[in-house]
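Please open the model in a viewer and keep the selection panel at hand. The stops below proceed from one selection to the next.

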Amino acid sequence: MDLSRLKGHVPDSVIAQIPGVMDKFGINTPLRLAHFLAQCGHESGGFKLTQENLNYSAKGLMGIFKKYFPTQALADAYARQPQKIANRVYASRMGNGAEASGEGFKFRGRGFIQLTGKANYTAFTASIGEDCVANPDLVATKYPLASAAWFFSKNCVKKCDAGATDAVVTSVTKCVNGGTIGLADRIKHFKEYHGLLV
């Protein structure tokens, strides 16, 4: 596979990491890699963002996290406070402790596909052998692509083999995103990367 064809479409720093993650995580065909890069590219705003932005207004909290902020008063008390928001939204799930533990913010989304929750950080640590539980920022700084590849290989890689259609991109998107947010952009990226890689 000629990765040099991605030059100018994917940052050089990301291209340099691809060979290391392709074999380790089974993202080893042009089709799988095109699907993977399309999802990473969308989720990270063009491979620029490696940490979840939780700086929501009260209105944003009541729209996106209505389950956790059912009242205006509660949303107002948390608005524009990313640490408090993460600790509430991610409390007591994904391996995190209660809101007061601070683990929601400590294990917030990082990497190109937003690895989230202590359980995922623990499992990713076991796969790479460097302690991302003790030092979660490694996921954003050293392993943004590898953490995304780990998640993708565990959950989505088999879906990629179904083909290069919009329906397959939709299926992979649901696997990554839980819904179809940004689907048109993901499809556009997939077609671009697939065209370069095959």
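Helices, as named on this tour, are DSSP runs of H or I with at least four residues, numbered from the N terminus. The model is a predicted one.

**First stop: the loop between α5 and α6**

Select Met94, which sits in the loop between α5 and α6. Although Met94 is not a glycine, its phi is positive, at about 55°. Met94 has a relative accessible area of 28% and is therefore classed as partly exposed, given that this class lies between the buried limit of under 20% and the exposed limit of over 50%.

Next, add Ser92, whose place is also in the loop between α5 and α6. Its phi is near 55°, again a positive value in a residue other than glycine. Ser92 has a relative accessible area of 57%, so it counts as exposed.

**Second stop: helix α5**

Move to helix α5, residues 82-89, and display Ile85, Ala86, Asn87 and Val89, which are its buried residues. To see what covers them, show α3 (58-64), α4 (72-78) and α6 (103-106), which are included in that cover.

**Third stop: the crossing of α7 and α9**

Select helix α7 (residues 118-128) together with helix α9 (residues 144-155); their axes come within 11 Å and cross at roughly 100°. The two helices, α7 and α9, are therefore roughly perpendicular to each other, since angles of 65 to 115 degrees fall in that class.

Now display the side chains at the contact. On the α7 side are Asn120, Ala123, Phe124 and Ser127, and these meet Ala146, Ser147, Trp150 and Lys154 of α9. By class, the residues of this contact are four nonpolar, three polar and one charged.

**Fourth stop: α11, the following loop and α12**

Is Thr173, in helix α11, buried or exposed? Thr173 has a relative accessible area of 0% and is therefore buried. Beyond its neighbours within four places in sequence, Thr173 is in contact with Gln39, Gly178, Gly179, Thr180, Ile181, Leu183 and Arg186.

Continue to Gly182, in the loop between α11 and α12. With a relative accessibility of 25%, Gly182 is partly exposed. Draw a distance from Gly182 to Gln39: the C-alpha atoms are 9.7 Å apart, while the two residues are 143 residues apart in sequence.

Then select Asp185 in helix α12, residues 183-197. Asp185 is also partly exposed, at a relative accessible area of 25%. A second distance, from Asp185 to Lys174, spans 14 Å between C-alpha atoms, with the residues eleven apart along the chain.

**Final stop: the largest pocket**

Rolling a probe the size of a water molecule over the atoms shows where empty space is left. Turn on a pocket display and find the largest pocket, which has a volume of about 770 Å³. Which residues lie nearest the centre of the largest pocket? They are Glu43, Glu52, Tyr90, Gln114 and Asn177, out of a lining of 22 residues. Colour α2 (30-43) and α11 (166-177) as well, the elements that give two or more residues to this lining. Colouring by class shows a lining of eleven nonpolar, eight polar and three charged residues.

Methods
Residues are numbered from 1 along each chain as its sequence is written. This is a predicted model: local features need pLDDT of at least 70, side-chain atom pairs count only at pLDDT 80 or more; totals for chains, interfaces and linings use all residues. Side-chain values use heavy atoms; hydrogens and water are left out. On a 1 Å grid over the protein atoms alone, a cavity is a set of points where a 1.4 Å probe fits but cannot get out, and a pocket is an open set with protein on both sides within 12 Å along at least five of seven lines; lining residues have an atom within 4 Å of a point. Grid points are joined across faces, edges and corners, and a volume is the space filled by probe spheres set on the points. Ala, Val, Leu, Ile, Met, Phe, Trp, Tyr, Cys and Pro count as nonpolar, Asp, Glu, Lys and Arg as charged, and the others, Gly among them, as polar. Buried means under 20% relative accessible area, exposed over 50%, partly exposed in between (1.4 Å probe, protein chains only). Axes are lines fitted to C-alpha atoms, for helices over the stretch in contact, and angles run from 0 to 180 degrees between N-to-C directions. Angles under 35 degrees count as roughly parallel, over 145 as roughly antiparallel, 65 to 115 as roughly perpendicular and the rest as oblique. Contact means heavy atoms within 4.5 Å.
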